[in-house]
Amino acid sequence: PLVLSDDAGTTWREAGGGLPGGVDVAIAADHPDHILFLTPSRLYVSLSGGLYWRRVDVELLDARAVAWEE
């Protein structure tokens, strides 16, 4: 459900194998390997550019947007 490019869109790689359908993605401006992936009820975080994901153990109700705070 998620593909990423490290070269401005010349090539793409899948980075979200196994993740459920999402509603928003946020990439940290100062750490592009830090990615948040949001579903309507769960938040997932990757600190490895999408190689590994960890579910944040908080249940959300109808979440629609996510962002890294600077």
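The following dialogue examines how several descriptive terms apply to this predicted model.

User: What makes the sheet an open one with edges, and which strands stand there?

Analyst: Four strands, in the order 3-4-5-6, form an open sheet with antiparallel pairing. Strand 3 and strand 6 (54–56) each have a single partner strand, so one side of each is left without a neighbour in the sheet, and these two stand at the edges. From one strand to the next, the twist averages 25 degrees.

User: How do you know that strand 4 and strand 5 are paired?

Analyst: Pairing requires at least two bridges between two strands. Strand 4 (residues 35–38) and strand 5 (residues 43–46) share 4 bridges in the antiparallel sense, and therefore they satisfy the requirement. One of the bridges links leucine 38 to leucine 43, and another links isoleucine 35 to serine 46. The two strands form a hairpin, with 4 residues between them.

User: What makes strand 5 and strand 6 a pair as well?

Analyst: The requirement is again at least two bridges. Strand 5 and strand 6 are joined by 3 bridges and run antiparallel, so they count as paired. Among the partners across these strands are valine 45 and arginine 54.

User: Which way do the side chains of strand 5 point, and are they buried or exposed?

Analyst: In a regular strand the side chains alternate between the two faces of the sheet. In strand 5, Leu43 and Val45 point one way, while Tyr44 and Ser46 point the other way. All of these residues are buried.

User: Why is serine 46 called buried?

Analyst: A residue is buried when its relative accessible area is under 20%. Serine 46, which lies in strand 5, has a value of 0%, and therefore it is buried. Its side chain reaches the backbone nitrogen of serine 48 at 3.2 Å. As a polar contact must fall within 3.5 Å, this distance meets the cut-off. Leaving out residues up to four places away in sequence, serine 46 touches Asp33, His34, Ile35, Leu51, Tyr52 and Trp53.

User: Why is threonine 39 counted as buried although it is found in a loop?

Analyst: The term depends on accessible area, with the limit at under 20%. Threonine 39 is found in the loop between strand 4 and strand 5. Its relative accessibility is 4%, so it counts as buried. Its side chain reaches the backbone nitrogen of arginine 42 at 2.8 Å. Beyond its neighbours within four places in sequence, threonine 39 is in contact with Pro20, Gly21, Gly22, Val23, Tyr44 and Ala63.

User: Why is valine 25 called partly exposed?

Analyst: This term covers values between the buried limit of 20% and the exposed limit of 50%. The relative accessibility of valine 25 is 33%, so this residue counts as partly exposed. Valine 25 lies in strand 3 (residues 24–27). Not counting residues up to four places away in sequence, it touches Leu2, Ile35, Leu36, Phe37 and Val66.

User: Why is the pair of phenylalanine 37 and tryptophan 53 called edge-to-face?

Analyst: A pair of aromatic rings is described by the distance of the centres and the angle of the planes. The count of aromatic pairs comes to 2. For phenylalanine 37 and tryptophan 53, the ring centres are 6.1 Å apart, and the planes meet at 65 degrees, so the pair is edge-to-face. The cut-offs are centres within 6.5 Å and planes over 60 degrees apart. Phenylalanine 37 lies in strand 4 and tryptophan 53 in the loop between strand 5 and strand 6, so the pair ties together parts that are 16 residues apart in sequence. At 3%, phenylalanine 37 counts as buried, whereas tryptophan 53, at 21%, is partly exposed. Phe37, Tyr44 and Trp53 form one aromatic cluster.

User: What makes the phi of alanine 8 worth noting, and is this residue buried or exposed?

Analyst: Alanine 8 has a positive phi of about 60 degrees although it is not a glycine. This residue is found in the loop between strand 1 (3–4) and strand 2 (13–14). Its relative accessible area is 86%, and exposed means over 50%, so alanine 8 is exposed.

User: How do you know that aspartate 62 is partly exposed?

Analyst: Its relative accessible area is 49%. Because exposed requires over 50% and buried requires under 20%, aspartate 62 falls in between. Aspartate 62 lies in the segment after strand 6 and has a positive phi of about 55 degrees although it is not a glycine.

Notes
Residues are numbered from 1 along each chain as its sequence is written. This is a predicted model: local features need pLDDT of at least 70, side-chain atom pairs count only at pLDDT 80 or more; totals for chains, interfaces and linings use all residues. Side-chain values use heavy atoms; hydrogens and water are left out. Buried means under 20% relative accessible area, exposed over 50%, partly exposed in between (1.4 Å probe, protein chains only). Contact means heavy atoms within 4.5 Å. Axes are lines fitted to C-alpha atoms, for helices over the stretch in contact, and angles run from 0 to 180 degrees between N-to-C directions. A polar contact is a pair of N or O atoms within 3.5 Å; within protein, one must be able to donate a hydrogen and the other to accept it, and residues adjacent in sequence count only if both atoms are side-chain atoms. Rings of Phe, Tyr and Trp (its six-membered ring) pair if their centres lie within 6.5 Å; planes under 30 degrees apart count as stacked, over 60 as edge-to-face and the rest as tilted.
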